[in-house]
Amino acid sequence: MLAGENTMTAGPAEIASSDFGRVLVQRERRFATLLLAPAFFALLLTTTFPLLFLVYTSVYRINLSMPFMNGFVGLENYKVLLADDRFWHSLIVSLVYTISTVLLQIVIGLALALFVMNMKRGQGWFRIIAILPVVLSPAVVGMIWRTFMLAPEFGIVDYLAITAGLGSKNWLGDPSLAMVSVIVIHTWQWTPFAFMVLLASLASLPEDIYEAARIDRASAWQRFRRITLPLLRPAIVMVIIMRTMVALTAFAAIFTVTGGGPGTATEILNLYAYRKSFTELSIGYGSALAVALLIVTIIISAILFAIRRSK
Amino acid sequence: MNARGQVIFKDIWKKHGEFVALKDVSFEINPGEFFALLGPSGSGKSTTLRILAGLDAPTSGRVLIDGNDVTGVDAADRDVAMVFQSYALYPHMTVAENISFPLEMAKVPKSEIAAAVFDAARKVKIEHLLDRRPGQLSGGQQQRCALARAIVRKARLFLLDEPLSNLDAKLRLETRVELKKLQRSLDVTAVYVTHDQEEAMTLADRMAVFMAGEIQQIGTPAEVFAKPNSIDIAGFIGNPPMNLVNAKYSDGDIILGGQRFKTAVQITGSRDVIAGIRPSAIRIGADGLKSRVDLVEHLGDTAVLDLDIGGALMRVRVGDENVPKEGDTVSISARPQDFHLFDPETRKRLV
């Protein structure tokens, strides 16, 4: 706009140069579009299309074991879903799983970060060791815990429980213990992520305000409550958002450890949708479950982002 | 009337591994005094303040406040207030919350806090900014906020670590005056760290001059200016700094550039000395040492001349009347009592 107005009063030389500039900008934009196109189409194909297709299948009855019944059913799947006890149960399991794992990650991650900040030496080693669980595949983590840690008699956790006099426990067979186990496993794997983010954030806090607080006679606890926590708030909220998204869509670790069992004790919404679709082969209803999970995720993240924006 | 705020530093050493930051520092600050710790950067003045605040511990030696040994006492329990060079405001709190923080920590009743905060803010003229956050304030306003946070608590000691160094030149002069008035009206002991000798000269009742981790001189600004007791202090205090030239001394006189000058020093015999003379103490007249004017710096009401004396530079401050021109030859002299003589070996003053 401005460039155009300038040419009104400018000499012919400037007109030519501003035209040349416009051509350059156009050419650059075209080149940028060209560079972006492959990634854009790949994303469209791998995320947007499957998502739309999921919504499409959710309004059909598609049952691979009874293909003769297939056809458009409108919102029938959703009506069934709302009356489905197992759906509500899995939704609650999902929420319990998400809230407890995220809370534990934040609390333990923050405690570790505070501890490491005060370490005189060995910080580097601690960070390297702490990051190891994150780089493992969740499926591998699940296998490690099922065999190495929780196996009756031979697993490390069970051995410790026996040694501590608690006796051998059926860590994955008892419904409430199984839930605790999968929560612990997820927390074990992902706390280092929260730890790393919070440590970086802690390290960036200016040291002089802590000295000012000491002069102002704030105790260590008051310094933590009144200064560290408020200043870490953006990082904490960010970690909560990122970890909630992942926890809501967790799958591999639980699938390998309990497969949702015993019974439906650890069956999060994700697993229920999977079981419906690929075990019971009721793909239409499975899709509706997946869409429900999508809606839940969107609502929760909208709330979290609103919290992040406020204040 | 105020008996609080007496400080005694006794034989303080501070070592960081091999590096010695403070060498046997001792001094006393009287209640109600404005005491400056002056020195170039790295001379140990900030370390001294941090030890006094309780933020750092000395390697050896003792710190006494009001007669109590506080060497091992944490900053939180020393009842001192401090203004940091960086201001160190709490970025997530408003100005009012920043100022009220020390009161809240001291468990002052809520009903009293609001009035105290407003009162402190009014004293430094930021009462209209109480709802802002530090990020929304200018440098000068942040500085005032830090001041208000320090004075709100009525601590027995008021520590200032180069509080004016981040302000622009004009604001620095204004704030300097206000700082002095504030300290007088609060009747509180203030310890002020600065590398700016002019600040120390104008603000301090007494000052300690630090060089390389040692106190070289303690005294009123006038004393230190009139009788610097080492070459380093002579070259540090005063603007432009004292002229220091090699000279021969014999029986009360010095020989400078082939010319004999009388001094007030009475030592028998002859020896090499370093003669110091303030730019403002040099007289331009009919007779004396002939020298050429190399450069003239006009400063408005005064001018500074760079003179060439047999290859050595000597600076002279003159009034704005009859300022010589560059290339002129002038004759300079000085009164005997204006010569400062120093030992070139020990760098100490010769009495």
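## Paired strands in chain B

Two strands are said to pair if DSSP finds at least two bridges between them. In this predicted model, strand β11 (residues 243–250) of chain B satisfies that condition with strand β14 (residues 270–277) of chain B, since eight bridges join them and the two run antiparallel. One of the residue pairings can be followed by name, for Lys248(B) has Asp272(B) as its bridge partner in β14(B).

Both β11 and β14 belong to an open sheet of five strands in chain B, whose order is β13-β12-β11-β14-β20 and whose pairing is antiparallel. Because β13 (259–262) and β20 (340–342) of chain B stand at the edges and have a single partner strand each, one side of each is left without a neighbour in the sheet. If direction is ignored, neighbouring strands of this sheet are turned against each other by 40° on average.

## A hairpin in chain B

Another antiparallel pair in chain B is formed by strand β9 (residues 206–211) and strand β10 (residues 214–219), which are joined by five bridges. Here Met207(B) finds its bridge partner in β10(B) at Gly219(B). The hairpin made by β9(B) and β10(B) has two residues between the strands, and within this hairpin Ala212(B) takes a positive phi near 50°.

## Domains of the two chains

Chain B is divided by its domain assignment into domain 1 (7–235) and domain 2 (240–342), and the C-alpha centres of these two domains of chain B lie 38 Å apart. Contact between them involves four residues of domain 1 of chain B and seven residues of domain 2 of chain B. On the domain 1 side of this contact in chain B, three residues are nonpolar and one is polar, while no charged residues take part.

For chain A, the domain assignment gives domain 1 (2–58) and domain 2 (81–309), with C-alpha centres that lie 41 Å apart. Four residues of domain 1 of chain A are in contact with six residues of domain 2 of chain A, and the side belonging to domain 1 of chain A has two nonpolar, two polar and no charged residues.

## Where chain A meets chain B

Between the chains, 13 residues of chain A are in contact with 16 residues of chain B. Two helices of chain A, α9 (208–215) and α10 (220–248), each supply at least two residues of the side that touches chain B, and the largest share of that side, six residues, comes from α9(A). Sorted by class, the side of chain A that touches chain B has seven nonpolar, one polar and five charged residues.

## The two sides of helix α6 in chain A

Which residues of helix α6 (residues 138–149) of chain A are buried? They are Pro138(A), Val141(A), Gly142(A), Trp145(A) and Met149(A). Seen down the axis of α6(A), these buried residues fall within an arc of 105°, so they line one face of the helix. A general point helps in reading such a pattern: an α-helix has 3.6 residues a turn, so residues three or four places apart point the same way.

On the other side of α6(A), by contrast, Thr147(A) and Phe148(A) are exposed. The cover over the buried residues of α6(A) includes α5 (123–135), α7 (156–163), α8 (175–203) and α11 (252–257) of chain A.

Technical notes
Residues are numbered from 1 along each chain as its sequence is written. Chains are lettered from A and ligands numbered from 1 in the order in which they are written. This is a predicted model: local features need pLDDT of at least 70, side-chain atom pairs count only at pLDDT 80 or more; totals for chains, interfaces and linings use all residues. Domain bounds come from an automatic or database domain assignment. Two residues are in contact if their C-beta atoms, placed from the backbone, lie within 7 Å. Ala, Val, Leu, Ile, Met, Phe, Trp, Tyr, Cys and Pro count as nonpolar, Asp, Glu, Lys and Arg as charged, and the others, Gly among them, as polar. Helices (H or I, at least four residues) and strands (E, at least two) are DSSP runs, numbered from the N terminus. Axes are lines fitted to C-alpha atoms, for helices over the stretch in contact, and angles run from 0 to 180 degrees between N-to-C directions. A residue is buried if 20 or more other C-beta atoms lie within 10 Å of its own, exposed if 12 or fewer, and partly exposed in between; C-beta atoms are placed from the backbone. The arc is that of the directions from the helix axis to the C-beta atoms.
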